[in-house]
Amino acid sequence: MKLNIRKLDHVNVRTSRLDEMIRWYGEILGMHPGPRPDFPFPGAWLYCGEDAAIHLIGIDVEPGSDPSDLKLEHFALSATGMAALVERAKSAGERFDVRKVPDFPVAQVNLWDPDGNHIHIDFHADEAEAAGL
């Protein structure tokens, strides 16, 4: 059988701002906390519908403060409803930008969570055009 990777399963993000991150992902991206195994460390799993897409791990020290810490350049999610996300980000005063991917029918909304992790949400380019973005 041939390997067929179909979608991103989840991203694990370490944070010293667990409550703030849970709130941000809920308010800006519309994700919600849900069931999580009873691990012996703090954290939360944030869901897109029925799927746990972001696994937050609560730590005491700011991530990346030590050069040996793992760092995340970005992660991407696919979605529909680009105009709603842009409006939500504007209303919340969030820094964001919109980019069209050259030679692909994809438009991205780039955001940064409270820990500075870069996230881009991918939409079909038709949504950007329809929204005048």
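1. Helices (H or I, at least four residues) and strands (E, at least two) are DSSP runs, numbered from the N terminus. Read in that way, the protein has 3 helices and 8 strands, which follow one another along the sequence as β-α-β-β-β-β-α-β-β-β-α.

2. This is a predicted model, in which local features need pLDDT of at least 70 and side-chain atom pairs count only at pLDDT 80 or more, while totals for chains, interfaces and linings use all residues. Residues are numbered from 1 along each chain as its sequence is written, and side-chain values use heavy atoms, with hydrogens and water left out.

3. Of the 133 residues in the protein, 33% are buried, where buried means under 20% relative accessible area with a 1.4 Å probe, protein chains only. Taking contact to mean heavy atoms within 4.5 Å, residues 24 or more positions apart account for 52% of the contacts with a separation of 6 or more.

4. Strand β1 (residues 11-15) has a covered face made of V11, V13 and T15, and an uncovered one made of N12 and R14. This strand pairs with β4 (residues 51-58) in the parallel sense over 5 bridges, pairing being assigned if DSSP finds at least two bridges between two strands; T15 stands opposite G58 in β4.

5. A second arrangement to follow is an open sheet of 4 strands, in the order β5-β8-β7-β6 and with mixed pairing. Its edge strands are β5 and β6 (96-100), each of which pairs on one side only. Within this sheet, β7 and β8 run antiparallel and are joined by 7 bridges, and W112 stands opposite H118 in β8.

6. Helix α1 packs on the sheet, where it touches β5, β7 and β8, and its direction makes about 145° with that of β7. Helix α2 lies across β6, β7 and β8 and runs at about 25° to β7. Axes here are lines fitted to C-alpha atoms, for helices over the stretch in contact, and angles run from 0 to 180 degrees between N-to-C directions.

7. The largest nonpolar core, meaning a set of buried Ala, Val, Leu, Ile, Met, Phe, Trp, Tyr and Cys residues joined through side-chain atoms within 4.5 Å, has 27 residues, of which Y25, L29, I54, F75, L85, L111 and I121 touch the most other members. Among the elements that give two or more residues to this core are β1, β4, α2 and β8, and α1 gives the most, with 6 residues.

8. Leaving aside its neighbours within four places in sequence, F75 is in contact with V11, V13, Y25, I54, H118, I119 and H120.

Conventions: Buried means under 20% relative accessible area, exposed over 50%, partly exposed in between (1.4 Å probe, protein chains only).
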